[in-house]
Amino acid sequence: MQPGGGRIAMFEGKTIVLGVSGGIAAYKAAQLASDLGKTAADVHVIMTGNAAQFVTPLTFETLVNNRVAIDTFDRNFEYNVEHVSLAKKADVFIVAPATANVIAKMAAGIADDMLTTTLLAARCPKLVAPAMNTGMYDNPITQRNLETLRRFGVTVLEPDSGLLACGDTGRGRLPAPAVLFEAVRRALAPQDMAGLRVLVTAGPTREAVDPVRFLSNRSTGRMGYEVAAAASRRGAAVTLVTGPTALAAPQGVEAVPVESAQEMFEAVASRASVQDIIVKCAAVADFRPRTAAADKIKKGASEGMTLELERTRDILAYLGQTRAPGQVLCGFSMETRDLVAHSQEKLEKKHADMIVANNLNEPGAGFAVPTNAVTLLTKAGAEKLPLMGKDALADEIFDRLLAMRRERT
Ligand code: C5P
């Protein structure tokens, strides 16, 4: 997922340290610094002397609004003390790009410059994003060093494969800044959903008219993908049953692609009984053509045509009737008028625990935008939330669903 709209709660009051070592990929770290710098976190950058040859410290200083640390011995004593305090207050430490050299030093416990000294002193979760020539990366010595880091609890982010700056093709490319950002975000997320199984549906469905045409809607899947990403970050095992979208499945999520409402029904129903929480974000078609033509319908000489439609199965209503004991069920509702009244009706009729209601006519809400403005409906009543990023909303939804679970058990 791209860094989301608005301020993300999990960055508030957090200190992030970004270590940049000397590879050509250091320029990509500037984008990561920019993304992190826009959150509520206090972001500090430590560069190796070599990294400062590739990108100027001023770039990072401007992006994160903190002085960049480069070497232990080129600053005064006070600053040396400060770097130990940085190691103490860091909530997460990411080294991106991590050269073979820095990885080797980390694995051996060598602390001979500002970056490696602070790394060795820090006790927070550490992430390492290796980026180097394929030969260096595949070298068994580097692989052994990475294995050592993993054994000591460091998260090693897999490099991408492709054409490298040196002209070789293979493993060793620094992942995109958005992937690194997401990894930091995961490291900061509370693990309050660990051990839970969550099923999320997302996107539109397509109902075939003939082999070429279908009936569908404007859903992009964005809300559902953010819901799946949030649960996964917080430690849940997540299955995402998704209609056709242009989005990449969030990290760590099992995606089950489907097309029609009937396929979605089957994919959800067959997995429902083992889930602790089900969130139905998908914009499921309510009607489908009674028959899908086997061949492309020709326009012929006719002036018009009539499509005969029939109802699809209501998946949420089915889940409401068949749910496992203790399972929490959340649906979405999109209306253009009488939002609360219609959504309240859905809550009761479909036996859901919560309906997230959004009014398509409200600015910033609805399809294809990164934000949403919703009203949450539960048995306890209606709660209007302010306009917020869909990612932040996903966390708000789970905060409440988890509270409901706790009340029941
Ligand atoms: O009744 P309405 O379609 O507005 O209800 C929306 C909610 O019901 C959403 O959570 C949607 O995923 C779900 N739904 C469903 N199966 C359908 C239609 C809607 O699960 N056939």
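A polar contact here is a pair of N or O atoms within 3.5 Å, and that cut-off is handy for reading the ligand views below. The model is predicted.

**View 1. Ala282 meets the ligand through its backbone.** Look for a backbone N or O atom of Ala282 sitting 2.7 Å from an oxygen atom of the ligand. That distance falls within 3.5 Å, so the pair counts as a polar contact. Ala282 is also listed with Lys280, Arg313, Leu316 and Lys346 as the residues that come nearest, out of 14 around the ligand.

**View 2. Arg313 and Ile315 face nitrogen atoms of the ligand with backbone atoms.** For Arg313, a backbone N or O atom lies 2.8 Å from a ligand nitrogen. For Ile315, a polar backbone atom is 3.0 Å from a nitrogen atom of the ligand. Step back to the whole ligand, and the protein covers 86% of the 450 Å² of accessible area that the ligand has on its own.

**View 3. Two domains make up the picture.** Domain 1 spans 13-188, while domain 2 is built from 197-291 + 308-407. Their C-alpha centres are 38 Å apart. Where they touch, each side puts in four residues.

**View 4. Zooming in on the contact between domain 1 and domain 2.** About 550 Å² gets buried between the two domains, with 31% of it on carbon and sulfur atoms. On the domain 1 side, Glu182, Arg185 and Arg186 supply 91% of the area buried against domain 2, more than any other three residues.

**View 5. Glu182 pairs up with Arg233.** These two residues form a salt bridge, and their closest N and O atoms are 2.9 Å apart. The count of salt bridges between domain 1 and domain 2 is two, and the count of residue pairs in polar contact is four. As for the side of domain 1 that touches domain 2, its residues split into one nonpolar, no polar and three charged.

Conventions
Residues numbered from 1 in each chain as written. Predicted model: local features only at pLDDT ≥ 70, side-chain atom pairs only at ≥ 80, totals over all residues. Heavy atoms only, no water. Domains from an automatic or database assignment. Contact = heavy atoms within 4.5 Å. Buried area = accessible area lost by both parts, 1.4 Å probe. Salt bridge = Lys/Arg side-chain N within 4 Å of Asp/Glu carboxyl O. Polar contact = N/O pair within 3.5 Å; in protein donor to acceptor, adjacent residues only side chain to side chain. Nonpolar A, V, L, I, M, F, W, Y, C, P; charged D, E, K, R; others polar. Near = heavy atom within 4 Å. Areas by Shrake-Rupley, 256 points an atom, 1.4 Å probe, with all protein chains shown as cover.
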